[in-house]
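Open the model in your viewer and keep the selection tool handy. We will go from the place where chains meet to the interior.

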Amino acid sequence: MTAQTAAQPAVSFAPLLEKKFGGAIRPEPGPKSDIPTVGCDAATLKDLALFLRDDPNAKFDLLLDVVSIDRSRLPAAMRPRDGHRFGLSYLLYSTRHNQHLRVRVGVPEADPKVPTLVDTWPAANWFEREAWDLMGVTFEGHPNLRRLLTHNGFVGHPLRKDYEASQRWLCTEEDLLKTELAARTEVEEDIFETMTLNFGPSHPATHGTLRCVFRVDGEKIVAAESECGYLHRNFEKMAEEHTFTQVIPYTDRLNYCSPMINGNGYARTIEQMLGIEVPPRARAVRSILAEFSRIMDHMVCVGTNLVDLGALTNFWYAYQAREQIYSLLEACCGARLTSSYARIGGLSNDVPANFADWCRTLCREIEDELKEIDGLITKNRIAHKRMRGTGYISKADAIAYGFTGPCLRASGVGYDVRKDAPYDFYDEVDFDVPVADGGDNFARYLVRMEEMRQSIRIIEQLVKKLPGGPIVSDDYRVVLPPKEMVYNEMEGLIYHFKVVFEGIKVPPGEIYSFTEGGNGELGYSLVSDGSGRPYRLKVRPPCFPLFAAFEKMVIGGMVSDAVATLGTLNIIAGELDR
Amino acid sequence: MSPELFNVAAAGAKIAFVWGVVLAALLPMLIWAERRVAAFIQDRPGPNRVGPLGLFQSLADAIKFFMKEDVTPTYADRFLFNLAPWITLVPAITTFAIIPFGSSLPVTLGGQTYDVPLIIADVNVGVLYMFALTSIGIYGIVLAGYTSNDKFSLLGGIRSSAQIISYELAMGISAIGVFMTAGSLRLPEVVAYQQQHIWNVVPQILGAVIFIISAFAETNRLPFDLPEAEAELVAGYHTEYSAFKFAMFFMGEYANMVAASALIVTLYFGGWSLPGIAFTGVAGALLSIAVFAAKTGLFIFIFLWVRWTLPRFRYDQLMDLGWKVFLPLSVLNLLYVAILVAAGKA
């Protein structure tokens, strides 16, 4: 296991920070594999944010996540120097320098207030709402600080350590959205001019429990407001009550279209924290199945999006491929949808003997299905008319709103974690990152189609050099020892007991670990207090900022465009609401 | 038997035949065919359990529709809400009255031979009657959307009325070309003209294309199925309809599709005729019915094929296409046919 204060990657612009802010900014130590961190006070936060965003040496233009933490139950050694109860971590990314950074701020319990950063990064809007909703940190100057994931009848902030989780709150039919929308459009409730159209949470086009309220003039949207949280089950709170291994099945329920990627990302987070080596075979299989999952994710997105455009047939072509991939997953781990295949240290069991051939056949089949969809849609004039120029978001806006993944790449920024911060086997395979400039629905469609082809390329290369050896690490402090050992040897039994009853002992510290999910950067922020359970686990769901920008993207368009846009953004409610 | 009495009896028999075939046999078959064709295109089996090849699936569905609870929304306008499905279905099946579905059938009765033309009503305003009826049918959709007291239905109703008005114009104007060459509004004469000369589709290909595409729009089929665009408007105008009332809309849509196919065949593809073949006698009459059915069937298949292939237009794009492309083109076609007719006469 690694030493906790090992040298961290240096912050290249640290001298600049020192010069500008003096002692108010301090680099903070963390695990070796973590991203660099600077700490500051609430008073300097706003200036620091502006500096980090605009200074050419920093240029942290993309706000990835806002992580809140209640530090009141941390062991004494881990308590921050400032002694504040709450902590906020702003996770930033620089598209110019390909660098991550965490800005950590302490927030006192008595007056939990920090200035809002919505003006600096519009993406902060929903992230801050979430932090307020779940942790009760107030953001001064926030334009719309209301409940986001919980409902209006909710009392308290569930992620606080002293929140009594057995409490129940009644959800009443308070339609706050409607009045607010009316105020925003500056029109009276006049049925002859505009009308309010409720869209979701159960509408055929929302593909999940999302809700938008449109104010429409005829069919033109003049104002929109989106709302999420209908599928909220507080994954993060549940994670705090389970051992590290027990959290794995919950990760399958995040983005249920590509469960393998979530599991891999989670396991990688813990492995990085533990500093254990994952056998190459496990890493290769993880990458292969992650790419298949990416194909599934994109297939679901493209297929259902085209259903929304009226091209129903493509749905079956897309889902055909998906079903085949499920069969492969089933042969590997026994489950089709919620695979729970990843384990900390490797995978639960080895792949079937015909895995390589199976993958190759599958690639051919997926290519065929892609060709069918291509033939029906890519050059179809009606499809062009429906998708070109609709749901447009510019490069600058996409970055400002915290887009990652295919949606960011469709707006002209080629950021892909697999290329820019390679993990598993991605630095050893040859593949391209498709980038489109359109920023509209068609660009997103094209990027996804091409990514599926690139995924096939990756899979073919990986299958060719699939390494042998064990599928899971033999570090029995982390991995369950084989049954013969448990039954016949004392050590085996002890290891087994420890892992099952106490959980894996992850060294104390904080880490942000990120992988490329189906929809963008999937990040896990983990704070461990050295016990067998996560002290705080925050997921950065890639579609959360996408959906936050949705209302901006649809205003001025028609209702049909909103449907198409929702489809190409690929909002997965399980991941959005957690 | 007096000729008058015979005519009445013959008309009754023809009505029974056409409506019997269309309503009892063709529509259920068509719904089955739609689902099987869709399944074929989409690489899946489709309904194949009820009866041979799943043929009785529609029957089972019909029974299901009868058994279901019929829900009327509380704030709906009850009278119009209940009337709307009738307004859609009845005109749809009434249009078959003026379509000649075969040559003429010689019937010998009491030593006297009557030549029965295979058309229910040979109306001299012919196609005007047809357009009038389809226009009435739209009221069904508009009223359904309006009286359901549902915003999605309302949008569906609005879309429908706008769509039909736009495309009816182009459709009507392109059809005028056919009547100019035939010199009559009566459909049997249009068929006769094509039998003697050439199928209208050859000289008037532009008009034919406009007419066919407009027919897609008139019948609310993809890529023009905006009134019931499920992804946007849930189910459009029939969101609030259930049980048998929904089935009536459903049947109305398919009846419209058959009527449109029959009309396309009659106006542009020679109706029941085939070039170079004279359909005389009983055998000829039966053969002509078969030819007509085959041609109509082909166009129905095209309707199905297109539905499962193309995406849907957007509302404003549909309007643009109707008013900015099809309307000018249909006028151009009219001019062209006028010149053709004038040149032919001169």
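How much area is buried between chain A and chain B? About 2,700 Å², with carbon and sulfur atoms giving 61% of it; buried area is the accessible area (1.4 Å probe) that two parts lose on being put together, summed over both.

A word on ground rules: this is a predicted model, where local features need pLDDT of at least 70, side-chain atom pairs count only at pLDDT 80 or more, and totals for chains, interfaces and linings use all residues. Residues are numbered from 1 along each chain as its sequence is written, chains are lettered from A in the order in which they are written, and side-chain values use heavy atoms, without hydrogens or water.

Now colour the contact (heavy atoms within 4.5 Å): 32 residues come from chain A and 24 residues from chain B. Two salt bridges (a side-chain nitrogen of Lys or Arg within 4 Å of a carboxyl oxygen of Asp or Glu) link chain A and chain B. Select Arg314(B) and Asp561(A) to see a salt bridge whose closest N and O atoms are 2.8 Å apart.

Next, move inside and select Phe403(A). Leaving out residues up to four places away in sequence, Phe403(A) touches nine neighbours you can display: Leu62(A), Ile393(A), Ala398(A), Leu408(A), Pro545(A), Leu546(A), Ala549(A), Met553(A) and Leu569(A).Phe403(A) is also among the residues with the most contacts inside the largest nonpolar core, which has 246 residues: buried (under 20% relative accessible area, 1.4 Å probe, protein chains only) Ala, Val, Leu, Ile, Met, Phe, Trp, Tyr and Cys joined through side-chain atoms within 4.5 Å.

Notes
Buried < 20%, exposed > 50% of the residue type's maximum accessible area, 1.4 Å probe, protein only.
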